[in-house]
Amino acid sequence: MNEESGKDLRLTEFDYLLADPHLQMIKAAIPYMQQPQQRLIAMIIKLQELNRTMSLFRDSELSAMGLNAANDHKASMVEMLQAMKPYAGPRERDMIEMIENLQIMMQTMQPSNA
C-alpha cells in the first residue's frame, strides 16, 4: 500500500511483464538500507527493469498484450481510455470520461461504412 497517498498502487499488464520476483525482494529490503545504498540499489533495479523492457520489445514478448504492429485488432481511443481509467485519480477520471463521451458521440455521428 502506498502510505503517502493512502491508496493501493495498481499494476498494469506491462508491469506484470516486467516483474521479477528477485527484484521485488530487493525492493522490499531498500527501506532497511542506509541512504547511499538505497540510492545505488534503486538505480540498479531501474536499470534492470529498463533492460527487461528493451528485451521484451526486442524478443516480441509484448504480442501477448497486443502491443505489436502485427496485431490485427486496431484499438480505439475509447478502449485506450477505458484501460487508463482505473489508474486515474478522481479529476483525471472525470476528464477521461468527458473525452470518452465525446469520442462515443463523434463515432455515432460518423456515417457507417457497412
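## A five-helix chain and its salt bridges

On the surface of this chain, Leu102, Met105, Met106 and Met109 come together as a nonpolar patch, and their accessible area adds up to about 420 Å². One of these residues, Met105, belongs to helix α5, which covers residues 90–109, and with a relative accessibility of 45% Met105 counts as partly exposed. The model is a predicted one, and every value in this report should be read as computed from that model.

**The chain as a whole**

The chain holds 5 helices and 0 strands, so that its elements, read from the N terminus on, follow the order α-α-α-α-α. Of its 114 residues, 15% count as buried. The chain exposes about 9600 Å², and carbon and sulfur atoms supply 59% of that area. Where contacts between residues at least 6 apart in sequence are considered, 48% of them join residues that are at least 24 apart.

**Helix α3 and its buried residues**

Helix α3 spans residues 35–58. It consists of 24 residues and reaches 35 Å from its first C-alpha to its last, which is close to the 34 Å expected at 1.5 Å a residue. Which residues of α3 are buried? They are Ile45, Glu49, Thr53, Ser55 and Leu56, and what covers them includes α1, residues 13–18, and α2, residues 21–29.

Thr53 can be followed in some detail. Thr53 counts as buried because its relative accessibility is 16%, where buried means under 20%. Leaving aside residues up to four places away in sequence, Thr53 touches Phe14 and Leu18. A polar atom of the Thr53 side chain also lies 2.8 Å from the backbone oxygen of Glu49, and Glu49 is itself among the buried residues of α3.

**Salt bridges**

The count of salt bridges in the model comes to 4, and the table sets out three pairs with the distance between nitrogen and oxygen.

| Pair | N to O distance |
|---|---|
| Lys27 and Glu49 | 2.7 Å |
| Lys46 and Glu49 | 3.0 Å |
| Glu97 and Lys85 | 3.9 Å |

What does the salt bridge between Lys27 and Glu49 join? In this pair the closest N and O atoms are 2.7 Å apart. Lys27 lies in helix α2 and Glu49 in helix α3, so the pair ties together parts that are 22 residues apart in sequence. The two partners differ in their cover, for Lys27 is partly exposed, with a relative accessible area of 28%, whereas Glu49 is buried, with a relative accessible area of 14%.

Glu49 also meets the side chain of Lys46 in a salt bridge, and here both residues lie in helix α3, 3 residues apart, which is about one turn of the helix. An α-helix has 3.6 residues a turn, so residues three or four places apart point the same way. Lys46 counts as exposed, at 51% relative accessibility, while its partner Glu49 is buried. Taken together, Lys27, Lys46 and Glu49 are linked in a network of salt bridges.

The salt bridge between Glu97 and Lys85 has its closest N and O atoms 3.9 Å apart. This pair links distant parts of the chain, since Glu97 is in helix α5 and Lys85 is in the loop between α4, residues 77–84, and α5, with their positions 12 residues apart in sequence. Is Lys85 buried or exposed? At 18% relative accessibility, Lys85 counts as buried, whereas Glu97, with a relative accessible area of 31%, is partly exposed.

**Back to helix α5**

Helix α5 holds Asn101 as well, a residue that is partly exposed, with a relative accessible area of 49%. Asn101 and Val78 stand 23 residues apart in sequence, and their C-alpha atoms are 8.5 Å apart in space. Helix α5 is thus also the place of Met105, which takes part in the nonpolar surface patch with Leu102, Met106 and Met109, and of Glu97, the partner of Lys85 in the loop before the helix.

How values were computed: Residues numbered from 1 in each chain as written. Predicted model: local features only at pLDDT ≥ 70, side-chain atom pairs only at ≥ 80, totals over all residues. Heavy atoms only, no water. Helix = DSSP H or I, 4+ residues; strand = E, 2+ residues; numbered from the N terminus. Buried < 20%, exposed > 50% of the residue type's maximum accessible area, 1.4 Å probe, protein only. Polar contact = N/O pair within 3.5 Å; in protein donor to acceptor, adjacent residues only side chain to side chain. Contact = heavy atoms within 4.5 Å. Patch = residues over 30% accessible without salt bridge, like charges linked within 9 Å, V, L, I, M, F, W, Y side chains within 5 Å. Areas by Shrake-Rupley, 256 points an atom, 1.4 Å probe, with all protein chains shown as cover. Expected span 1.5 Å × (residues − 1).
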